[in-house]
Amino acid sequence: MTDVPTAQRKTEKPKSEAGPSRRALLAPLAGSAVAAGTLPMFAGAAAAQGQPAGIPSIQIPKEIPASLADAPKKLSFEGRGMTGAEVFADLCRKENLAALFCAPGNYTIIHAIAAAGIPAYGGRTEGSMCAAADGFSRATGEVVACSGTEGPGFSHMIMNIAAANTARTPLLVLASNVQMAGEDRETFIQNIYQQPITTGLKKYGKRITAPNRVHEYGAYAFRHLKTGVPGPVHLDFPGEVARQRFTDPSTLTDYYDKTRYRTESVAYPAPKDMARAVDMINRAQRPILVAGQGVFQHRGTEALLKATEKNEFVVCITGPMRGHFPDDHRLSCNLSPDALMSADLVVFVGQYCMPSPGEFKFNPDVKAIRVHPVAEDLGRNWPIDLGIVSDERAFLEELAAALPKKTREAWVNEVHAARKKYEDNLEATYQLGLKYSGSTGFLHPAVIGKEIRELMYVGKNGIDPKQTVYGWGGNTCPGYIGPMVRANRPGQGVIPPYQFGAIGPDLPMMMGAAVAVKEGVGPQSPYKGAPVVVVSSDAGMGYGLFELETAVKYKIPLIAIVYNNNAWGTFVAAQGSPRSVHLHLFQENLRYDKMAEGLGCKGEYVRTPEEFRDALRRAYDHAAKESLPTLINCQAIKEFTEATKYPPGQLWGGSEPNVVGGMH
């Protein structure tokens, strides 16, 4: 094993290098309008941070709480009437759009939505706020909107629209698009044809070019967002559409109530298919049900619990969110990967991102039932013995009623034995992480996962194990973090890199999830205001760090843990390739905690297990008591990624489906 150079193992923390030039630069701000009538973020913050006298503290301007306290605007066709933007905003209000996340731009639309009373949040970049909207939806199952300005803002959202598409998130993507009068004349800046760009990244999209059809196409959007398999919907609004005024609703095409343009009806399983499914499950010796995201999004959790406890089949959950079947349930096989090959029947319910045989750790000859809301996807990728067109909850309710009561002692015992083996391996990995942390003076990721679990998910610290929502990302540490945290109720876990594998959405996505918890939306209602934790990477900080300022601005109780190993997790791929390794490396020992403090956030810097444990407790208390975020900079080394030096090195957690599955 290659040790780290002694020079890198010094235990003293880096000191601030603030110099006179910085003081000279900031001194003129003292006593300016920036400081007038403001709300200090932390009492004595300037003194506590060692700022020179005269430099104003970071603060929330009084206009923010004042603006949030404004009464919603009453929209009416009387008098001056409503603009096209207001007609659309009123439709969003009637459809119970859960929230809007945006950066300034597309002003007419976002102002109308906010004025209508829909919760709205303004952040630093369109891309990160798109991820925040996605995270809010993954934690609630609700339809959420994001918005950007026409060219640059919309373009910046593309990566996170793609991530939402692979996660089948019901995300309403909104963007302005200057004026149709300027088409082909290069009259306006930022003009771009948006709809072709999102081809393949959305369920439905439309550039609205006829002002009187703004309500009609809004209805199209919500019909797609709220029926069938979810997915992003993209609408763009030229200026003429958003600003057109209407004083008579009869001039709008298809100006109907939502009961007339979409239905709440869902497909129920055909009786003969249901009877065959019940017979196959009952005859199987080792049946397993794979509960995908459709079980969560279509509210099938309670029915699933009833069915499995009645017939004792085991359950493994998949998808971009976790908790729709409890990790700690006696019939859960989320932490029993070695038992999967024994299954003689697999029932896929709500599995929207469908694997091919070999991608899941099942016997290639296992019999398969798949339940899906739409028929055309049945039989794709995975050959089926029975395909059932049905809403997930409808199928599970029928299943719970029709299955006979049964025990499967041998199968349950095998799952439990596999789980014990898996958890023993986790403990051994943690002990290895302690050893590596001690020998190097830097924090190994195995320690991070275990300490999070001990504080938040075992019930020893006055914290309800079902309370804290988590998310994780990065390239090196998912296999160390995912198996340790627990999701024991719907929406408790969010997997930011799910399927698309983007680096960067982690922090802003979990900020969006934290907004959902703060406001107590949907399944987060019993835990309203609780802290949310996210583990991200130093690479991820290059994308979303500045949204910590947004989290402070809105007092969002987020605990952001940064695994800082000075490199992309990909650097091992460049070893042996001349002049290539530098492409994957950062400066060493960057202080993300200091950057966070510069944004008004509480910062912590740790290198040892003891320091991390104490910092995590302080961060939790800060979030719980003050409803404010903390960033914990966990200083590591890139060599922890190398299995030849610090085995097991990079760890993704094994084959799917299991507790850290991020592909399907």
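# Close-up views of a predicted model

**View 1. Helix H6 passes helix H8 in a right-handed crossing.** Welcome to the first stop in this model, which is predicted. H6 covers residues 126-140 and H8 covers residues 158-166; the two pack at an angle of about 20°, and their axes lie 8 Å apart. That angle makes H6 roughly parallel to H8. Which residues meet here? From H6 come Gly127, Ser128, Cys130, Ala131, Asp134 and Arg138, and from H8 come Asn160, Ile161, Ala163 and Ala164. Sorted by class, this contact has five nonpolar, three polar and two charged residues. As you follow the H6 side, keep the helical repeat in mind: an α-helix has 3.6 residues a turn, so residues three or four places apart point the same way.

**View 2. Helix H4 is largely enclosed by the rest of the structure.** This helix runs over residues 84-94, and nine of its eleven residues are buried, so the rest of the structure largely encloses H4. To find the buried ones, look for Gly84, Ala85, Glu86, Val87, Phe88, Ala89, Asp90, Leu91 and Cys92. Just past the end of H4 sits asparagine 96, with a positive phi of about 60°.

**View 3. Helix H4 packs against helix H9, residues 214-225.** The angle between H4 and H9 is about 30°, and their axes are 9 Å apart. Are the two helices roughly parallel or roughly antiparallel? With this angle, H4 and H9 are roughly parallel to each other. Their crossing is right-handed. On the H4 side you will find Gly84, Val87, Phe88, Leu91 and Cys92, which meet Val214, His215, Gly218, Ala219 and Phe222 of H9. This contact divides into seven nonpolar residues, three polar and no charged.

**View 4. Strand S6 lies mostly covered, with a parallel partner in S4 and another in S7.** Five of the five residues of S6 (residues 144-148) are buried. Their side chains split into two sets: Val144, Cys146 and Gly148 point one way, while Ala145 and Ser147 point the other way. This fits a general rule: in a regular strand the side chains alternate between the two faces of the sheet. Three bridges link S6 with strand S4 (residues 100-102), in parallel, and here phenylalanine 101 stands opposite cysteine 146. Five bridges link S6 with strand S7 (residues 171-176), again in parallel; there glycine 148 faces alanine 175.

**View 5. Five strands form an open sheet with parallel pairing.** To trace the sheet from one side to the other, follow the order S12-S11-S14-S15-S16. Strand S12 (314-317) and strand S16 (386-389) are at the edges; each has a single partner strand, so one side of each has no neighbour in the sheet. From one strand to the next, the twist averages 15°. Helix H15 (residues 392-402) packs on the sheet and touches strands S11 (287-291), S14 (345-349), S15 and S16. The direction of H15 makes about 135° with that of S14.

**View 6. Strands S15 and S16 run parallel, with a notable asparagine in the loop between them.** Four bridges join S15 (residues 367-372) to S16. At one of these places, isoleucine 369 has leucine 386 of S16 as its bridge partner. In the loop between S15 and S16 you will meet asparagine 381, which has a positive phi of about 75° although it is not a glycine. Is this residue buried or partly exposed? Asparagine 381 is partly exposed, with a relative accessible area of 35%.

**View 7. Strand S17 pairs in parallel with S19 and with S18.** S17 spans residues 469-472; Val469 and Gly471 point one way from it, Tyr470 and Trp472 the other way, and all are buried. Its pairing with strand S19 (residues 532-537) takes four bridges, and valine 469 stands opposite valine 532. Two bridges join S17 to strand S18 (residues 493-494), where tyrosine 470 has glycine 493 as its bridge partner.

**View 8. Two backbone details round off the tour.** Proline 647 and proline 648 are joined by a cis peptide bond, with omega about 10°. Proline 648 belongs to the segment after strand S22 (630-635). The other detail is asparagine 589, whose phi is positive, near 65°. This residue lies in the loop between strand S20 (558-564) and helix H22 (592-598). Asparagine 589 is partly exposed, with a relative accessible area of 35%.

Terms used: Residues numbered from 1 in each chain as written. Predicted model: local features only at pLDDT ≥ 70, side-chain atom pairs only at ≥ 80, totals over all residues. Heavy atoms only, no water. Pairing = 2+ DSSP bridges. Axes fitted to C-alpha atoms, helices over the stretch in contact; angles between N-to-C directions. Contact = heavy atoms within 4.5 Å. Parallel < 35°, antiparallel > 145°, perpendicular 65-115°, else oblique. Left-handed = near helix turned anticlockwise from the far one by under 90°. Nonpolar A, V, L, I, M, F, W, Y, C, P; charged D, E, K, R; others polar. Buried < 20%, exposed > 50% of the residue type's maximum accessible area, 1.4 Å probe, protein only.
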